[in-house]
Amino acid sequence: MKNILLIGGSYGIGLAIAKELQYENKVFIASRTNENLTDLHITHIPFNALNDTLDTSQLPEVIDGLVYCPGSINLRPFRGLKPESFEADMQINFISLVKVIQTVLPNLTASNQSSIVLFSSVAASMGMPFHTSVAAAKGAIEGFAKALAAEYAPKIRVNVIAPSLTDTPLADKFLNNDVKKEKSAERHPLKRVGTSDDMAQMASFLLSEKNSWISGQIFHVDGGMSTLLVNG
């Protein structure tokens, strides 16, 4: 049974990952709230990724898997974005991620081979209007992940999931009615919006032994948006 640490996990993709992993792994969730977690087989650690230092005394000495879930969707015209907006997106998406990994690095290297799963966005590889801030932050994650994977191979595998817009609480304002959902679905070759379960199943695979020979990769779980052009 593996020890898996989720940073964020009380809603959205993190919660779906916890549900996917809870019975075959020992799952630890470090998040601001334990809302939605009381019925799960997990251990909750109060933690705010923006402000707190993770208390490793509440974690096992060996961590076999780490998933960092906190992020942002800050879509605004570039001319209206102040540098502070870029700093805020970089902080929650990337800087806090780096701090967490550095904090638990001894636990990760204590595993025979651990796995880190991070989240980017389709916007990091596609030029999409109004995405300058989030694309910059997610692009940093992708470059960082490849470099980290190279530095810590074969001890730690590092991979990234890059979704398109996914139906989660974070994306609610973009998908909060049927018309918005239908328009978003039509933008994807597979004609639907992504779900938390889509991401959780990929994360589960990347954390498992089935992924023992994959590292430094960006997986576009995006309904075909980043690679397919389909008429109609």
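The exercises below, each with a worked solution, concern a predicted model.

**Exercise 1.** Decide whether Leu97 is buried or exposed, and state in which helix Leu97 lies.

*Solution.* Begin with the position along the chain: Leu97 belongs to helix H2, which covers residues 83–109. Next, take the relative accessibility of Leu97, which is 1%, and compare this value with the cut-off, since a residue is called buried when its relative accessible area is under 20%. Leu97 therefore counts as buried, because its relative accessibility is 1%.

**Exercise 2.** Find which residues Leu97 touches, leaving aside residues up to four places away in sequence, and state how far apart Leu97 and Val67 are in space.

*Solution.* With those sequence neighbours set aside, the residues in contact with Leu97 are Tyr68, Leu118, Ile141 and Phe144. For the second part, Leu97 and Val67 are separated by 30 residues in sequence, while their C-alpha atoms are 9.7 Å apart in space.

**Exercise 3.** Describe the largest pocket by its volume, and then by the residues of its lining.

*Solution.* The volume of the largest pocket is about 1000 Å³. Its lining is made of 45 residues, and those closest to the centre are Gly71, Ser72, Ile73, Thr168 and Leu170. Sorted by class, the lining of the largest pocket holds 23 nonpolar, 17 polar and five charged residues. Among the elements that each supply at least two residues of this lining are helix H1 (12–21) and strand E2 (25–31).

**Exercise 4.** State how many residues line the second largest pocket, and how they divide by class.

*Solution.* The second largest pocket, with about 180 Å³ of space, is lined by 14 residues, which divide into five nonpolar, six polar and three charged.

Terms used
Residues are numbered from 1 along each chain as its sequence is written. This is a predicted model: local features need pLDDT of at least 70, side-chain atom pairs count only at pLDDT 80 or more; totals for chains, interfaces and linings use all residues. Side-chain values use heavy atoms; hydrogens and water are left out. Helices (H or I, at least four residues) and strands (E, at least two) are DSSP runs, numbered from the N terminus. Buried means under 20% relative accessible area, exposed over 50%, partly exposed in between (1.4 Å probe, protein chains only). Contact means heavy atoms within 4.5 Å. On a 1 Å grid over the protein atoms alone, a cavity is a set of points where a 1.4 Å probe fits but cannot get out, and a pocket is an open set with protein on both sides within 12 Å along at least five of seven lines; lining residues have an atom within 4 Å of a point. Grid points are joined across faces, edges and corners, and a volume is the space filled by probe spheres set on the points. Ala, Val, Leu, Ile, Met, Phe, Trp, Tyr, Cys and Pro count as nonpolar, Asp, Glu, Lys and Arg as charged, and the others, Gly among them, as polar.
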